[in-house]
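I am keeping these notes as I go through one protein model, writing down each thing that I look up and what I find there.

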Amino acid sequence: MKSRWIQLIASVVAMIMIVAPIGAFGAMAYTVGAFGLRALAPLAQLMGAVYLTMALFVFVILGAIARAAGTRITHVLRLISEELLLVLGTSSSEVALPGLMEKLERFGCAPDVVRLVVPAGYSFNLDGTSIYLSMAVLFIAQIYGIHLTWVQQLETLGLLMLTSKGAAGVTGSGFIVLASTIAATGILPIAGVALLLGVDRFMSEARAIVNVIGNAVATIVIARSESARAGEIADRTGRLDFAAPGP
């Protein structure tokens with residue numbers, strides 16, 4: 001029975017990977033048809049800015065946090081590399097949940113910590129989604145020449161952080177959150193969201209990957225702070241040593 005479920009899940013994932021490029025092509029075709037080829041240059045700049053920001057966040061911010069917890073971000077990335085590839089293919093971090101929890105337990109995090117922090121992080125620790133939503137709002141404001149004050153930017157970011165909770169497991173949910181939040185605030189034209197249709201697929205993959213990495217690092221940090229230990233302690237491959245005193 002278990003093997004049948006695994007085969008069924010694998011079939012669904014394979015179907016998503018086959019159909020997803022068609023959806024991305026349709027969204028890009030709509031963007032070009034509605035706004036012309038000139039819309040591609042700003043969208044390319046947005047993608048580059050978002051990818052660069054997320055890379056800096058992972059290797060600088062999360063890297064420093066992981067280092068303080070007794071490991072390195074490169075060790076974490078190698079540990080969950082298979083899960084990251086799965087997220088890349090499906091554009092959803094939900095499919096990586098079982099494997100992520102298993103890998104973190106093997107890494108040295110106590111099962112109780114993993115089972116509490118990882119599922120909670122899927123709803124409350126959406127680093128990649130927050131980065132994308134905030135930059136998308138600024139992109140739409142610049143396209144329309146609308147100046148947002150610092151107060152408006154902070155208010156919109158805070159509202160987006162609230163409305164995005166629980167959206168990590170649904171492909172394209174960040175786009176829906178962005179559209180509904182902009183419509184509710186009334187600060188920006190809701191029509192500007194259509195500009196992002198062409199690149200939302202690529203943004204979805206990036207934010208889902210960063211969400212998974214952020215949840216992995218958060219679990220390690222909390223397990224370290226609680227002096228939790230499961231399995232073998234750290235060795236030269238980068239496994240986490242919860243028993244050793246840290247700074």
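**Entry 1: after the fourth helix.** I began at S91, which comes just after α4 and takes a positive phi of about 65°. I noted for myself that the model I am reading is a predicted one. I then looked up which residues of α4 are buried, and the list is E83, L84, V87, G89 and T90.

**Entry 2: the whole chain.** Before going further I stepped back to look at the chain as a whole, and I found 10 helices and 0 strands. Read along the sequence, the pattern is therefore α-α-α-α-α-α-α-α-α-α, since helices and strands are what is being listed. The chain has 247 residues, of which 46% count as buried. I also looked at contacts between residues at least 6 apart in sequence, and 73% of these join residues at least 24 apart.

**Entry 3: the nonpolar core.** Which residues have the most contacts inside the largest nonpolar core? They are I80, Y132, L196 and I213, in a core of 60 residues. I listed the elements that give two or more residues to this core, and they are α2 (40-68), α3, α4, α5, α6, α7 (127-143), α9 (173-185) and α10. The largest share comes from α10, with 10 residues. As background I wrote down that, in soluble globular proteins, nonpolar side chains tend to be buried together.

I then followed Y132 on its own, leaving aside residues up to four places away in sequence, and found that Y132 touches M54, F175, L178, L196, D200, M203 and R207.

**Entry 4: the fourth helix against the tenth.** As α10 gives the core its largest share, I went on to look at the helices that pack on α10. The axes of α4 and α10 come within 8 Å and cross at roughly 155°. An angle over 145 degrees counts as roughly antiparallel, so α4 is roughly antiparallel to α10. The crossing in which α4 passes α10 is right-handed.

On the α4 side of this contact I found L84, V87, L88, G89 and T90, and they meet R201, E205, A208, I209, V212 and I213 in α10. By class, these residues divide into 7 nonpolar, 2 polar and 2 charged.

**Entry 5: the seventh helix against the tenth.** How far apart are the axes of α7 and α10? They are 6 Å apart, and the two helices pack at an angle of about 140°. That angle makes α7 oblique to α10. The residues that meet are D127, G128, T129 and Y132 in α7, and D200, M203, R207, V210, N211 and G214 in α10. I sorted the residues of this contact by class and got 3 nonpolar, 4 polar and 3 charged.

**Entry 6: the fifth helix against the tenth.** For α5 and α10 I noted a packing angle of about 35°, with the axes 11 Å apart. Here too I recorded the handedness, and α5 passes α10 in a right-handed crossing. In this contact L100, L104 and F107 of α5 meet V212, A216, T219 and I220 of α10. The classes are 6 nonpolar, 1 polar and no charged residues.

I then asked which residues of α5, which runs over residues 97-107, are buried, and found L97, G99, L100, M101, K103, L104 and F107. What covers these buried residues includes α3 (73-79), α4 (81-90), α6 (111-124) and α10 (200-225). I wrote beside this that an α-helix has 3.6 residues a turn, so residues three or four places apart point the same way.

**Entry 7: past the end of the fifth helix.** The residue that follows α5 is G108, whose phi is positive, near 130°. My next stop was C109, which lies in the loop between α5 and α6. Is C109 buried or exposed? C109 is buried, because its relative accessible area is 0%. C109 and I222 are 113 residues apart in sequence, yet their C-alpha atoms are 9.0 Å apart in space.

I ended with D112, which is found in helix α6. D112 counts as exposed, because its relative accessibility is 60%. From D112 to A223 I counted 111 residues in sequence and 9.4 Å in space, C-alpha to C-alpha.

Terms used
Residues numbered from 1 in each chain as written. Predicted model: local features only at pLDDT ≥ 70, side-chain atom pairs only at ≥ 80, totals over all residues. Heavy atoms only, no water. Buried < 20%, exposed > 50% of the residue type's maximum accessible area, 1.4 Å probe, protein only. Helix = DSSP H or I, 4+ residues; strand = E, 2+ residues; numbered from the N terminus. Contact = heavy atoms within 4.5 Å. Core = buried A, V, L, I, M, F, W, Y, C linked by side-chain atoms within 4.5 Å. Axes fitted to C-alpha atoms, helices over the stretch in contact; angles between N-to-C directions. Parallel < 35°, antiparallel > 145°, perpendicular 65-115°, else oblique. Nonpolar A, V, L, I, M, F, W, Y, C, P; charged D, E, K, R; others polar. Left-handed = near helix turned anticlockwise from the far one by under 90°.
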